[in-house]
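Student: I should like to understand how the descriptive terms applied to a structure are justified. May we go through them one at a time?

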Amino acid sequence: MTTSADQAAPVRAMAPPRRWKMWTLTCLAIYPIITALGYALAAMAAGLPVWAHFLIMVPIAVALLIFLVMPALTRLFRPWLIR
């Protein structure tokens, strides 16, 4: 006995976006994040050494990139990414 799930059209797996396109999108995303965080930390934590600035900035930048910025940019640029 066949069910409607058996008769459904097979799902075609999409190829991942080209690496150079993901690189471009990541650069577009990370530059404003790092720039804004750099200025914010310079104003708030001026007395800290450089390594401490990066210790604060990197986890914040990565979280913003992974959870907010890249999902939004990949949705926005989806037509270009899958071409």
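Tutor: Let us begin with a term that we shall need throughout: a helix is a DSSP run of H or I with at least four residues, numbered from the N terminus. Tyr31 has its place in one such run, helix H2. Please keep in mind that this is a predicted model.

Student: Is Tyr31 buried or exposed, and how do you know?

Tutor: The cut-off for exposed is a relative accessible area over 50%. Tyr31 has 61% relative accessibility, and therefore counts as exposed. Its C-alpha atom is separated by 9.9 Å from that of Ala61, although the two residues are 30 places apart along the chain.

Student: What makes Lys21 buried?

Tutor: Buried means under 20% relative accessible area. Lys21, which also lies in helix H2, has 6% relative accessibility, so Lys21 counts as buried. Beyond its neighbours within four places in sequence, Lys21 is in contact with Trp80, Leu81 and Arg83. The C-alpha atoms of Lys21 and Phe77 are separated by 9.8 Å, with their positions 56 residues apart along the chain.

Student: Why is Leu28 called partly exposed?

Tutor: Partly exposed covers values between the 20% and 50% cut-offs. Leu28 is found in helix H2, and its relative accessible area is 48%, so the term partly exposed applies. The C-alpha atoms of Leu28 and Leu81 are separated by 14 Å.

Student: How should Ile34 be classed, and why?

Tutor: Ile34, in helix H2, has a relative accessible area of 39% and is therefore partly exposed. Ile34 and His53 are 19 residues apart in sequence and 11 Å apart in space, C-alpha to C-alpha.

Student: How do you know whether His53 is buried or exposed?

Tutor: His53 belongs to helix H3. Its relative accessibility is 15%, and because buried means under 20%, His53 counts as buried. Leaving aside neighbours within four places in sequence, His53 is in contact with Leu41, Ala42, Ala45 and Leu48. Leu41, with the same neighbours left aside, is in contact with Ala46, His53, Ile56 and Met57.

Student: Why is H2 described as oblique to H3?

Tutor: The axes of helix H2 (residues 19-44) and helix H3 (residues 50-76) come within 9 Å and cross at roughly 140°. That makes H2 oblique to H3, because roughly antiparallel requires an angle over 145 degrees and roughly perpendicular one of 65 to 115. The crossing of H2 past H3 is right-handed.

Student: What makes up the contact of H2 with H3?

Tutor: Its residues divide into 18 nonpolar, four polar and no charged. On the H2 side they include Met22, Ile30 and Gly38, and on the H3 side they include His53, Ile60 and Thr74.

Student: Which residues make up the largest nonpolar core, and what makes them a core?

Tutor: A nonpolar core is a set of buried residues of certain nonpolar kinds, joined through side-chain atoms within 4.5 Å. The largest one has 11 residues in all, namely Leu25, Ala29, Ile33, Leu37, Leu41, Met57, Ala61, Leu65, Met70, Leu73 and Leu81. The elements giving two or more residues to this core are H2 and H3. As a general matter, nonpolar side chains tend to be buried together in soluble globular proteins.

How values were computed: Residues are numbered from 1 along each chain as its sequence is written. This is a predicted model: local features need pLDDT of at least 70, side-chain atom pairs count only at pLDDT 80 or more; totals for chains, interfaces and linings use all residues. Side-chain values use heavy atoms; hydrogens and water are left out. Axes are lines fitted to C-alpha atoms, for helices over the stretch in contact, and angles run from 0 to 180 degrees between N-to-C directions. Angles under 35 degrees count as roughly parallel, over 145 as roughly antiparallel, 65 to 115 as roughly perpendicular and the rest as oblique. A crossing is left-handed if the near helix is turned anticlockwise from the far one by less than a right angle, and right-handed if clockwise. Contact means heavy atoms within 4.5 Å. Ala, Val, Leu, Ile, Met, Phe, Trp, Tyr, Cys and Pro count as nonpolar, Asp, Glu, Lys and Arg as charged, and the others, Gly among them, as polar. Buried means under 20% relative accessible area, exposed over 50%, partly exposed in between (1.4 Å probe, protein chains only).
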